[in-house]
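Subject: That structure I promised you

Hi,

Here's the structure I said I'd pass on. Have a scroll through it first, then read my notes underneath.

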Amino acid sequence: MPDVVKSPDGTLIAYDRHGAGPAVVLVQGAFTDRRHPLMTSIATGLSRWFTVYTYDRRGRGGSGDTAPYAVEREVEDLAAVIGAAGGSAMVFGGSSGAALALEAAAAIPGISKLAVWEPPYHVDDSAPALPLDFAEQLSLLVETGNRGEAVELFMVEAAEVPREAVVGMRSHPAWAEMEAVAHTLAYEAAVLGPGNALPAALLADITQPTLVLNGADSPAWMANAGLEVASAVPGAVRRVLEDQAHNVAPEALVSELLEFFVTA
């Protein structure tokens, strides 16, 4: 059974601890929870040196989900987990979880270091075009009982999965799990903001040492987003991982995170 911590609005947030040492909190992206293989593999890889916290973002797994949703509540959830870790932690966020981690870094002084994997901001015309009301569209589909359509919309428009491939995925056993968290897709869209626009002013307020990671085989628009994030966050360092795409191998991340987190 996971441990739980109460967020300021009363929502219970479930988390697991791995290993011993300085605290590291992992923040997952869309469709995933604390038990996702990427999160657990990173936690296992770092657990020889750190106490690694994996947690369920609200609306997923063992965590609650108090309405109405707001990005600020998710920031408070992460702050609560950091509080359970002793009040200070290094943070890693992947994909839309990276955008949440960046949002949190500007607001939570307890974040001592920040590493992010491919936050999917849209910084030029090479990125997929998303409607400004994308979050509202996703919410409406879920509210009207069309969870599968919400998953398909997100996969096709935001994740750039070909529609025919998504249609084929509907017969896979994992599709039911994706539909189960369809209500959280609007949360991801809210975290990224309208059109996934780069929040340059917010990024400029981040003072923690920051590492921005991209995959050499990821789409060009993701590389461009990484460059812009690294430019906007004062003092940020950017690294490109060879032979890696957005669906990154955990061992590739572990080596980079270990080097970054152990340095002074």
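Let's start with a quick one: which are the buried residues of H5? They are Gly-148, Ala-150, Val-151, Glu-152, Leu-153, Phe-154, Met-155 and Val-156. Before you go further, keep in mind that this is a predicted model.

Helix H5 covers residues 147-157, and with eight of its eleven residues buried, the helix is mostly covered. If you want to see what sits over those buried residues, look for other helices: the cover includes H4 (134-143), H6 (163-169), H7 (174-180) and H8 (185-192).

Now zoom out to the whole protein chain. You'll find eleven helices and eight strands in there. The radius of gyration is 17 Å, and the globule rule gives 18 Å for 264 residues, so the chain is as compact as a globular protein of that length. Along the principal axes, the C-alpha atoms fill a box of roughly 50 × 40 × 35 Å. Of the 264 residues, 52% are buried. Take the contacts between residues at least 6 apart in sequence: 73% of them join residues at least 24 apart.

On the outside, the chain exposes about 11100 Å², and 55% of that comes from carbon and sulfur atoms. As for charges, there are 15 positive and 33 negative ones, and the mean positions of the two sets are 8 Å apart.

Two residues are worth clicking on. The first stop is Glu-74, which you'll find in helix H2 (residues 71-84). Is Glu-74 buried or exposed? Buried: its relative accessibility is 1%, and the cut-off for counting as buried is under 20%. Its side chain makes a polar contact with the side chain of Tyr-69, at 2.8 Å. Leaving out neighbours within four places in sequence, Glu-74 is in contact with Arg-57, Arg-58, Tyr-69, Leu-100, Tyr-187 and Val-191.

The other stop is Pro-2, in the segment before strand E1 (3-6). Pro-2 has a relative accessible area of 23%, so it counts as partly exposed. Again leaving aside neighbours within four places in sequence, Pro-2 is in contact with Ala-14, Tyr-15, Asp-16 and Arg-34. Try the distance from Pro-2 to Arg-17 as well: the two are 15 residues apart in sequence, and their C-alpha atoms are 8.4 Å apart in space.

Shout if you get stuck finding any of these!

Cheers

Key
Residues numbered from 1 in each chain as written. Predicted model: local features only at pLDDT ≥ 70, side-chain atom pairs only at ≥ 80, totals over all residues. Heavy atoms only, no water. Helix = DSSP H or I, 4+ residues; strand = E, 2+ residues; numbered from the N terminus. Buried < 20%, exposed > 50% of the residue type's maximum accessible area, 1.4 Å probe, protein only. Polar contact = N/O pair within 3.5 Å; in protein donor to acceptor, adjacent residues only side chain to side chain. Contact = heavy atoms within 4.5 Å. Rg over C-alpha atoms; globule rule 2.2 N^0.38 Å. Areas by Shrake-Rupley, 256 points an atom, 1.4 Å probe, with all protein chains shown as cover. Lys, Arg positive; Asp, Glu negative; His and termini not counted. Charge placed at Lys NZ, Arg CZ, Asp CG, Glu CD.
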